[in-house]
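This report walks through a handful of local features, taking each in turn and placing it in its surroundings. Please keep the sequence and the model side by side while reading.

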Amino acid sequence: MAEIDLKVQDEGVTDETERRPEIPEVLSILPLRDSVIYPMLIAPLSVGRPPSVQLIDDTVSSNNRIIGVIAQKDPTVDFPKFSDVYGFGCAVIIRTLVKLPDAVRLIVQGVVRFRIVEAVQEEPYLRARIELVEEQPIDPKQTDEVEALRRTVSELFERCISLSPQLPDELRSLTQAVHEPNVMGDLITAHMPFAVEDKQQILETIDIRDRLRMLVELLGREARVLELSSKVQSEVNTELSKSQRDYYLREQLRAIQRELGDGDDREEELEELRARIDAAQMPEDALKEVNRELDRLRRMSPGAPEYTVARTYIDWMVSLPWAISTEDILDLPRVRKVLDADHYGLEKVKERILEFLAVRKFKKEGTIRQPILCFVGPPGVGKTSLGRSIAHAMGRKFLRIALGGMRDEAEIRGHRRTYIGAMPGQVVQGLRRVSSNNPVFMLDEVDKLGTDFRGDPSSALLEVLDPEQNNSFRDHYIDAPFDLSRVFFITTANVLDTVPPPLRDRMEVIELGGYTEEEKVEIARRHLVPKQMREHGLDRKQMQWSRAALRHLVRFYTREAGVRNLEREIAAVCRKVTRMFAEGRTEGVSTTPECVEQLLGSPRFLRDEIAERTLKPGVAVGIVWTPVGGEIVFVESAAMPGSGSLVLTGQLGDVMKESARAALSYLRTHAREYEVDPEAFVKSDIHVHVPAGAIPKDGPSAGVTLLTALTSLMTGKKINDRLAMTGEVTLSGDVLPVGGIKEKVLAAHRAGIRTVVLPEQNRKDYLEEIPADIREKLDTRFVRTADEVLAAAFEKPARNGKHKSKVVKKKRKRTQRAR
């Protein structure tokens, strides 16, 4: 890059040190950042701001080398005005000018002080009318004092040079070559690293004695700071070893603070930790452990690798809620009102919570054992939201952690502090987040815990969920007992099969079955519809839902135990209505069944599922339980010439295959009683198939259905229409109880079943769990033996649709005689 070196000569002046150039009355003003120029000082300047470059160009083009320089008050201002610069400056003469592509380099020499009298212009650059400030002659009476001040300044300046590595030794010649007090004072000030405000004050001080006094004070303070810095460096160098040199700056800062009397931050930090430890109200074991770590921390250097580990541990200990708890709300009617407002139905859970609070209210002394509940039910029935509602009703804080997919035991118990990056487990971390030792703690999806080489989290939960042990739960990181007995633990699961028996034994299982149609409609009306309307920006004037529309959604667009899909369908309707208003609609929308079909399309499910299938001999209808609710299944059987083998298809599990073999063996044993030719079993192969072959099926509850299908096949009789059954059958013909009665009966009702055959021992479950309105619509038969099952399956109903009791009695008597 080419440089232009422009030398400007002063015409008619031969000795510039002897004669001062003429200073114009109006000067162009060049603002300076972090710099103050004094008379007689030669200094380099770099000019880059466009107004300043134009000022230099105009000055040079007018063959004038005199400009005024003034320091800015705020160096961050890019385009300063007169209000942004000081009132005193120095007139300078430009000695050398070099133009570069990005800036202009100047070498200037100070001539004389001046003060601004009047602002002439601010654009494009500053110009002002000035008044020169001449040096005042020294009063003869003050000559000795001025000389003494000059010598003091000289000595302090030399001391600063000897102590500061930033001041070169060549500056010592300045005090020897310059004897004028005013010139020497200005030049020393210019070379010292004083603040701009201090340098400006020196410039504005006219009286030489006052100026030297001020300079003595500034130099004295700088010399003291340099001496202290040297002393600090000396002290630190004697203490540092080779392994500690990396911490030199930190030690130097500490030494400076000690000398200045500002105190030691580390000591203040340790004292703050001590105060927090005293305020935490820890038990004795925890207090002993944290005091031991604090003593180690006092003896440890802040640069030591273990310092951060110990400091983090103490922070965890003092932040845990050892003695912080919330007060339970013991107003039972209010709690009941809150629970009813948040959730519809779920009476078992609500009664259990009210019973606990009643004990809590009635028992004034002693420890009250917190319940450990396990909500088991299909997805979407409100298990997780119920936990949050319980916390709200009791006035406790709510905490939830998801256990699904967790495979590391350390997630529960924490890591030992010997590992890098160790942390407490999720239990301790959660208590710290809520800052309470008695929250409602929900462990979500406990049935989906995993196991691998890192341990078994479900085994770690045994201590957490055991009321006899969790009062001294010991996290690996904390390494001190923490009382979990005041925590209200709630776990959730879809199935209990995958929960280890020891863990299941520690929990009070409450089953949350699927919702009935009326319950879903009521839940949608109270909770889902208002929620979705709020989320979509709709109000009641814009959209109104009828019960018929909600019932239509439940019947024909969802087939589930919970209400998640129902909420999605409601959201879909709300989105389409919102779009109508966004496109210009002004009238409100009244949601009817016809409107629902218009918005969502044809129904996804047919209400009368049974009517679609033509029941033939060899086909029976069973009811099964699945993790997402109940379902009906069709068991089909066929006979063909063969050697008496049994073929089972439909991806059946081992238990279900054994149930089919047991049913066939029972039928062959009692073939003559049911008017079946025994030779038919020998000459025929029997094929049993359960449709939906892609879905795995297992369990003993299809035993009576398999027996009925085989009996229908071998006798050629068709079973009664709209009849479904469930139950386990033994080789002796007994019908044993099964689980999931509520889900199965609700599924049968949804599918249009009118007659349900259940084991006698499930009568109590049926009466407790099935709503009265559903029971009134179903003809339920409770059976003890296979004979009663078959009698109910092949009994002909009366014209009014109800079974005649006489026919039942005759059938039962006949089967009993046959047995």
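Arg722 is found in the loop that runs between helix H25 (703-715) and strand E21 (723-725). The model is a predicted one, and in it the phi of Arg722 is near 55°, a positive value in a residue other than glycine. With a relative accessible area of 16%, Arg722 is buried, the cut-off for that word being under 20%.

Met40 also has a positive phi, of about 75°, although it is not a glycine. The residue belongs to the loop between strand E2 (26-32) and strand E3 (42-47), and Met40 is partly exposed, with a relative accessible area of 45%. As background, most residues other than glycine have a negative phi, and most peptide bonds are trans. The peptide bond from Glu123 to Pro124 is cis, with omega near -5°, and Pro124 has its place in the loop between strand E6 (104-121) and strand E7 (126-133).

The backbone angles described above can be set out together.

| Residue or bond | Angle | Location |
|---|---|---|
| Arg722 | phi near 55° | loop between H25 and E21 |
| Met40 | phi of about 75° | loop between E2 and E3 |
| Glu123 to Pro124 | omega near -5° | Pro124 in the loop between E6 and E7 |

A further loop residue is Asp447, which lies between strand E10 (440-444) and helix H16 (457-464). Asp447 counts as buried, at 8% relative accessibility. Its side chain is joined to the side chain of Lys448 by a polar contact of 3.2 Å, and a polar atom of the Asp447 side chain lies 3.4 Å from the backbone nitrogen of Val495.

The next topic is the aromatic rings. How many aromatic pairs does the count come to? The count comes to five aromatic pairs, and one of them is formed by Tyr766 and Phe782, whose arrangement is edge-to-face, with 5.4 Å from centre to centre and 75° between the planes. Tyr766 lies in helix H27 (residues 763-769) and Phe782 in strand E25 (residues 779-783), so the pair ties together parts that are 16 residues apart in sequence. Both Tyr766 and Phe782 are buried.

Rings also meet charged side chains in this model. Arg417 lies over the face of Tyr313, at 3.9 Å from the ring centre, while the charged end of Arg432 sits over the ring of Trp316, 4.0 Å from the centre of that ring.

We turn now to open space in the model. Rolling a probe the size of a water molecule over the atoms shows where empty space is left. The second largest pocket has a volume of about 630 Å³, and its lining is made up of 25 residues, of which His343, Val381, Gly382, Ser385 and Val563 lie nearest the centre. Helix H13 (383-394), helix H18 (517-535) and helix H20 (564-582) each supply at least two residues of this lining, and the largest share, six residues, comes from H13. By character, the lining of the second largest pocket divides into seven nonpolar, 10 polar and eight charged residues.

One last residue to locate is Arg534, whose place is in helix H18. Arg534 is exposed, with a relative accessible area of 61%. Arg534 and Cys574 are 40 residues apart in sequence, and their C-alpha atoms are 9.9 Å apart in space.

Terms used
Residues are numbered from 1 along each chain as its sequence is written. This is a predicted model: local features need pLDDT of at least 70, side-chain atom pairs count only at pLDDT 80 or more; totals for chains, interfaces and linings use all residues. Side-chain values use heavy atoms; hydrogens and water are left out. On a 1 Å grid over the protein atoms alone, a cavity is a set of points where a 1.4 Å probe fits but cannot get out, and a pocket is an open set with protein on both sides within 12 Å along at least five of seven lines; lining residues have an atom within 4 Å of a point. Grid points are joined across faces, edges and corners, and a volume is the space filled by probe spheres set on the points. Helices (H or I, at least four residues) and strands (E, at least two) are DSSP runs, numbered from the N terminus. Ala, Val, Leu, Ile, Met, Phe, Trp, Tyr, Cys and Pro count as nonpolar, Asp, Glu, Lys and Arg as charged, and the others, Gly among them, as polar. Rings of Phe, Tyr and Trp (its six-membered ring) pair if their centres lie within 6.5 Å; planes under 30 degrees apart count as stacked, over 60 as edge-to-face and the rest as tilted. Buried means under 20% relative accessible area, exposed over 50%, partly exposed in between (1.4 Å probe, protein chains only). A charge sits over a ring if NZ of Lys or CZ of Arg is within 6 Å of the ring centre and within 35 degrees of the ring normal. A polar contact is a pair of N or O atoms within 3.5 Å; within protein, one must be able to donate a hydrogen and the other to accept it, and residues adjacent in sequence count only if both atoms are side-chain atoms.
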